[in-house]
There are 2 protein chains.
Amino acid sequence: MPSTPPSRLAFIGLGIMGLPMAGHLLAAGNTLTVHSRTKSKADDLISRGAQWADSPADAAEQSDAVFLCVTDTPDVRQVLLGPAGVVHAARPGLIVIDHSTISPSETRHFAHELSHKQTTLLDAPVSGGDVGAKNATLSIMVGGPEDAFHTIEPLLRLMGKTITHCGPTGAGQLTKLVNQILVAVTNLATSEALTFALKNGLDPQKTITALGGGAAGSWQWNNLAPRMAKGDFAPGFMIDLQQKDLRLVLEAATQSTPPPPATALVHQLFTSAQAAGKGRDGTQALFTVLQHLANPAP
Amino acid sequence: MPSTPPSRLAFIGLGIMGLPMAGHLLAAGNTLTVHSRTKSKADDLISRGAQWADSPADAAEQSDAVFLCVTDTPDVRQVLLGPAGVVHAARPGLIVIDHSTISPSETRHFAHELSHKQTTLLDAPVSGGDVGAKNATLSIMVGGPEDAFHTIEPLLRLMGKTITHCGPTGAGQLTKLVNQILVAVTNLATSEALTFALKNGLDPQKTITALGGGAAGSWQWNNLAPRMAKGDFAPGFMIDLQQKDLRLVLEAATQSTPPPPATALVHQLFTSAQAAGKGRDGTQALFTVLQHLANPAP
């Protein structure tokens, strides 16, 4: 029998993802305390009734569930275990939900540290981008104890559409990394195939349509190939951020899994894009790297 | 204004694809002459009213359109230009439709040779496998003159569902190769992602379902990952045949396009599978190669 979800909530990290996610929790009638590195990012939420806290510890002090969505593993470490971190207000029954995409093994370490104070950590990285965050259609991949998952699930449903309990602590992060392997390597398939098509004089629109519905089809082909063909490299998802996730895959692979050759290849090709100043382009700019690979002149 | 399609037809090559395709042409009431390397493959069609011809030239002699579906470029060369090849019965108005997947540049050469006798070649490779051939749901990618395409299109609709005129001679073959790049590299994405998931202890079914609907999704992930997870390597499409198509991609890339690194990687990994005696397994056995990549013992 699921318990009533907590209604005294905190949200830490009000970036492009966190801000709209926190807004959904507030709009549903919960008490919301917020904290972010830049206080001005909280202005809109405060005008709608949220309270400001000067530190993660202060935010946790006044709440029964603490959500966070920051960039990378060191940021989560700072929020949870830093000098003014959540751990200093941790107590029996507090649940912390981490929406950041970070290291699975560090996630297990953070959960262990919080468990000394009977505080539970759920790792709950998301996919679906800023559009999914705004429209509350995110996919949320959750790792951690099943009872805490069931307690928090109604709150996750305010922010996302596909909510999956993936397994124990770290399983949410691992599932997100599987997602990123698929996204990155299918993007490579799309970039390499479209490069071959255009360099051989095929019509891009005919080719995209002819192949989208069969065994060759994918979200990446149907959505990114048309943008590549038009030269539209505006970010849906930015190369710099994707690189962070691929680095996490490659790090995790050194610990527990066989070397992932295709992910390593995409990571290197993206590194070339970054070196050419395209790090803030969308991931579909992988296409431009492949276009510039060249046979030597005869 | 499309002309009436010819009804005196020949079909050469009665393999796993050609036999059901020829059957559809016959069932629609056309006169059908057939030829194959192994005569017994024609028994069923002959019992249903088809006529046997002793050579490709004999088959072409009695027909206004000649379809062929054989394995590789040298087979097509033999059927078209060999000592008893179609070219010896070629004449103004004859249309030859090649459903084999072969070299785009050799296709242009064959078309040029036939053009001396005012015979038109359409390259028309298919995708959809033996199931698509039986159910007449193939995708057919056609290159060649537009008027010949329109003449033959009603006959192609007896065998396929998605019929695309891709461009001039060779464009059908090039589009099929784009299809194979996508299929092969998206299979690599699927294999590498599922390997990472299983080696990290994730539940395969939960992971497959959680990621199938978003930006990570593809036909390969949704259809092949479940078979990989179950250890079901029965061929939908055989590694040995896929390798022929990837070789065509890599050959074409030496002539006209940048080097395709991911296709080259899949080709090499499949070569390992073939060396291990798995060439007649389905392409999803790529997963077993990735599973056996290993970090050295510490």
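Q: How many residue pairs are in polar contact across the interface of chain A and chain B?
A: This is a predicted model, so local features need pLDDT of at least 70, side-chain atom pairs count only at pLDDT 80 or more, and totals for chains, interfaces and linings use all residues. Residues are numbered from 1 along each chain as its sequence is written, chains are lettered from A in the order written, and side-chain values use heavy atoms, leaving out hydrogens and water. A polar contact is a pair of N or O atoms within 3.5 Å, one able to donate a hydrogen and the other to accept it, and residues adjacent in sequence count only if both atoms are side-chain atoms. With both residues at pLDDT 80 or more, the rule finds 10 pairs.

Q: Which element gives the largest share of the side of chain A that touches chain B?
A: Helices here are DSSP runs (H or I, at least four residues), numbered from the N terminus. Among the elements giving two or more residues are α10 (219–230) and α8 (171–199) of chain A. The largest share, 20 residues, comes from α8(A).

Q: Which residue forms a salt bridge with A:Asp72?
A: A salt bridge puts a side-chain nitrogen of Lys or Arg within 4 Å of a carboxyl oxygen of Asp or Glu. The rule finds 1 across the interface of domain 1 and domain 2 of chain A. At 2.7 Å between the closest N and O atoms, the partner of A:Asp72 is A:Arg247.
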